Structures are given as C-alpha cells and as structure tokens.
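Me: I'm new to this one, so please keep it friendly. Take a close look at the ligand's surroundings for me, and then at the empty space in the protein.

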Amino acid sequence: MTVNRRDLLALLAAPLASGTIPAIAAEGTSLGAVAAAVGIAFGSAFDREVFDDADYRKLIASETRLVTAENALKFDWLRPKGPDADFSTADRIVEFARHNDLLLRGTTLVWNDNPPPWLRRSSLTELRYLFDRHIDETLTRYRGRIHSWDVVNEPFYPPQRLPGGYRQGPWYDAFGPAYIERAFRRAASVDPATRLVLNEAFCEQQDALGISVRAGLLKLVERLKGEGVPLHAIGLQGHLKPALPFDDQVFVEFLTRLAGFGVDLYITELDVDDGGMPDDINKRDLMVASRYRDFLKAVLTVPAVKAVITWQLSDRYSWYGELARRKHPPGRRPRPLPYDDGLQRKPAAQAMIEALLTRVK
Ligand code: G3I
C-alpha cells in the first residue's frame with residue numbers, strides 16, 4: 001500500500017480513541033512509506049546477514065528507504081589484516097542497496113575507536129599516509145553511490161581527558177584534532193556529490209557525558225562551518241538508554257542550535273536499551289515503544305531533522321543481542337528494535353508511526 005500526504009491528513013483528522021493504532025499502521029504500511037509521506041527518510045542499518053536470511057532481506061527492502069552498512073564499510077572491516085583493502089563484502093552491500101532502490105549511507109570513514117591491531121603498531125608517518133589513502137580509495141570506489149558518509153564518527157569522549165574532550169586513537173595521534181577538518185576536506189575533494197556527516201553518540205543523555213559531548217560538538221560545528229569546512233549534516237546516533245537521565249526538550253534545543261549552523265540533522269543509530277526493564281515481554285515492549293514515541297515526537301518538531309535510521313530493524317540482529325550472547329552465562333534476549341526476533345512488528349513500530357504522523361503540518 002502506498003500512502004500520500006492526503007491520506008495522512010485524513011487519518012489525523014479522524015478522532016482516535018486513546019491507545020488505538022492508526023488504521024494505516026494496522027494495514028501494514030511500511031515505515032519507510034509513512035516517513036516519506038511526512039518528508040523523513042526512514043531506514044535501518046543492516047549488514048552481511050541479509051545475504052543468508054531471505055526473510056530479513058525482504059523486510060529491509062520493503063520497510064526502509066535509506067540504509068546504513070552497520071560494519072562492512074568500517075576501516076577495520078575493509079582492512080582487517082593490513083593496509084590493502086578487501087572490498088568484497090562492502091561491494092555486495094552496495095549492490096544490494098542499488099538492486100533494491102535503497103539509498104545507502106556509509107559509516108564510518110574515520111573513527112578513532114576499534115582500530116585493527118596492525119594499525120596500532122604503525123608509525124606516525126605510516127598513519128598519516130594510511131589516513132589519506134583510506135579516504136581516497138574508499139570514496140573513489142563508491143563515488144556516486146553513497147547518499148551520505150559519516151566522515152568522522154564520535155570525535156568526543158571526554159572521560160579520556162584529552163584537551164577539548166576529543167576521543168583518543170590513531171587518527172588523533174597522527175594529526176591532533178586537525179584530523180577532523182582534514183577528513184572532511186579530503187572527502188569532499190574525492191566525492192563532491194555525497195553528503196558529508198559528522199556523527200556523534202551520547203548527545204541525548206542528560207548526564208555528565210551527554211552534557212559535555214553536546215558542548216564540544218556545538219563548538220566544533222561552529223568552528224568547522226566558520227572555517228568553510230564542507231559539512232552537510234550532523235548525525236546523532238540515538239542509542240537511547242532510558243535507565244540514564246534524559247530530557248527530550250533539552251535535546252530539541254540542542255538540535256535547534258545545531259541546525260542554526262546550516263546543517264541537516266539525521267538520527268543515525270536509533271534503538272532503545274531495554275536493560276533494567278521487566279522480564280515480562282509485553283510490559284517491556286510497551287516501555288520501549290513509549291521511549292521511541294516520546295523521543296521521535298520531540299525530535300520531529302525540528303524541521304532540520306531529515307532522516308531516522310534504526311540500528312538494525314529486528315531484534316534478531318541487534319548489537320545488544322550480540323553483547324548478551326557473549327556474556328557468561330548469556331544474558332536475556334534484548335528487544336530494542338521495532339521488529340522482534342520472528343520479524344513481526346512490535347509496539348515500537350506502531351509508536352514510530354504515531355510519532356511520524358505528528359510531523360504532518
Ligand atoms: O562477526 C565477527 C565474528 O566472525 C568474530 O568471530 C567475532 C570475534 O570478535 O567478531 C565478530 O564481529 C564483531 C561484530 O561486531 C559482529 O558482531 C566485531 O568483533 C565487533 O567489533 C563488531 O562490533 C560492532 C561495533 O560497532 C564495532 O565496530 C557492532 O556490530 C556495531 O553494531 C557497532 O556499531 C556502533 C557504531 O558503529 C557506532 N556507534 C555505536 C554502535 C554500537 O556500538
């Protein structure tokens with residue numbers, strides 16, 4: 001079923017008993033279609049599991065419009081053993097997106113976290129060479145096929161106590177904080193058509209970490225834009241952790257300030273950590289749904305927000321599931337996403353639709 005603006009307006013005009021689900025959601029309209037009708041590109045991360053899981057492949061293709069490769073385009077996945085890249089999995093991901101008419105986001109070109117072990121043993125001269133080479137080779141290979149690149153991921157991590165709150169790692173060692181503008185300028189020169197994104201974590205948290213990362217990011221974006229660095233959008237990851245303090249209105253004010261620098265805003269890695277919630281699945285699903293609803297209703301009031309992407313679409317492939325499996329003994333199965341392990345819609349999906357519908361003006 002396709003959905004247009006007029007259908008959505010009619011829906012909103014119809015009185016809804018509290019707790020009822022809009023008919024449009026019950027009829028199984030895709031999240032991507034509802035979001036598109038209100039001007040939002042919706043999608044999710046996925047990775048190589050789509051090559052083996054036909055049902056998930058179908059779900060991704062039907063529900064999403066803008067997707068992210070969860071890992072396949074990261075430095076450590078492209079160059080696990082040494083400087084020479086193996087692009088074979090990334091090529092298949094890019095082809096999957098093209099084949100299904102999905103716009104693909106690249107994450108992440110430059111990230112100080114998760115360097116492969118061999119990179120840690122490289123000299124400063126080698127690191128500087130590898131930085132430029134990685135940007136040139138990766139962007140050249142996929143030129144014209146990537147909607148947007150997270151050029152720099154997670155520049156801040158104040159607990160590491162570097163000046164300015166920057167995150168430690170090889171690229172910081174190689175150039176200091178100047179690695180950030182270097183990456184953006186170089187990326188723009190190799191692929192002038194892709195949108196260049198600065199992606200950051202923790203910003204929705206109203207704790208010491210969230211507050212300090214927000215302050216650092218505002219200063220950085222102001223500086224980069226002031227210096228004419230090509231920067232088109234800010235990605236806010238949105239790994240929501242209801243057990244930590246949050247204040248959606250403070251987050252909205254922060255988004256509004258960011259937008260004032262002339263950038264688009266993408267929610268890039270949305271999911272809800274259900275750790276600490278009751279074991280009862282129905283209760284847990286409603287709590288997760290309610291966090292999705294409140295967060296998205298708030299965020300979608302900001303006109304600069306153009307995309308909402310969940311970090312995988314089904315609990316079957318959430319990174320939280322991977323973490324739980326690695327525990328000894330394995331932890332409870334997390335339920336952080338809009339689709340469950342059986343690829344069935346959860347209340348979180350309906351909550352997202354309800355929140356998206358509030359965007360209709
Ligand atoms: O698939 C291999 C497996 O073959 C191998 O045996 C095993 C041994 O460690 O590793 C498996 O790969 C792991 C992979 O997740 C798949 O589970 C990697 O070690 C592990 O590093 C990787 O973690 C990813 C993490 O980023 C680091 O790149 C997660 O999937 C991914 O969800 C996570 O995503 C990050 C974003 O990029 C940035 N924001 C936070 C977000 C969540 O941590």
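Reply: Let's start with how residues get sorted here: Ala, Val, Leu, Ile, Met, Phe, Trp, Tyr, Cys and Pro count as nonpolar, Asp, Glu, Lys and Arg as charged, and the others, Gly among them, as polar. With that sorting, the shell around the ligand comes out as seven charged, five polar and four nonpolar residues. Keep in mind that you're looking at a predicted model.

Now for who is in that shell. There are 16 residues around the ligand, and the closest are Glu70, Asn71, Lys74, Gln237 and Glu269. If you'd like one element to look for, try helix H14, residues 319-326: its three residues are the most that any element gives to the shell.

Next, zoom in on some atom pairs. The side chain of Glu70 has an N or O atom 2.4 Å from an oxygen of the ligand. Over at Glu269, a side-chain N or O atom is 2.7 Å from a ligand nitrogen. Trp311 joins in too, with an N or O atom of its side chain 3.0 Å from a ligand oxygen. As for cover, the ligand on its own would expose 790 Å², and the protein buries 61% of that.

So what kind of space holds the ligand? The ligand sits in the largest pocket, which has a volume of about 950 Å³. Some 34 residues line this pocket, and those nearest its centre are Glu70, Asn71, Lys74, Trp311 and Trp319. Two elements, H5 and H14, give two or more residues each to the lining. H14 gives the most, with five residues. Sorted by class, the pocket lining has 16 charged, ten polar and eight nonpolar residues.

The pocket isn't the end of the story. Rolling a probe the size of a water molecule over the atoms shows where empty space is left. Across the whole structure, a search turns up two cavities of 30 Å³ or more.

The largest cavity has a volume of about 80 Å³. Lys74, which you've already met beside the ligand, is among the residues lining this cavity, along with Phe75, Thr108, Trp111 and Trp171. Helix H5 (75-78) and strand E4 (110-111) each bring at least two residues to the lining. By class, that lining has seven nonpolar, three charged and two polar residues.

The second largest cavity holds about 50 Å³ of space. Its lining includes Glu204, His239, Pro242, Phe246 and Arg291. Here the classes split into five nonpolar, three charged and two polar residues.

Finally, some backbone oddities. Most residues other than glycine have a negative phi, and most peptide bonds are trans. Thr108, from the lining of the largest cavity, follows a cis peptide bond from Thr107, with omega near -10°. You'll find Thr108 in the loop between strand E3 (103-106) and E4. The bond from His328 to Pro329 is cis as well, again with omega near -10°. Pro329 lies in the loop between H14 and helix H15 (347-357). Then there's Glu154, whose phi is positive, near 50°. Glu154 belongs to the loop between strand E5 (148-153) and helix H9 (170-175).

How values were computed
Residues numbered from 1 in each chain as written. Predicted model: local features only at pLDDT ≥ 70, side-chain atom pairs only at ≥ 80, totals over all residues. Heavy atoms only, no water. Near = heavy atom within 4 Å. Polar contact = N/O pair within 3.5 Å; in protein donor to acceptor, adjacent residues only side chain to side chain. Areas by Shrake-Rupley, 256 points an atom, 1.4 Å probe, with all protein chains shown as cover. 1 Å grid on protein atoms, 1.4 Å probe; cavity = no way out; pocket = protein on both sides within 12 Å on 5 of 7 lines; lining within 4 Å. Sits in = over half its atoms within 2 Å of the grid points. Helix = DSSP H or I, 4+ residues; strand = E, 2+ residues; numbered from the N terminus. Points joined across faces, edges and corners; volume = space filled by probe spheres on them.
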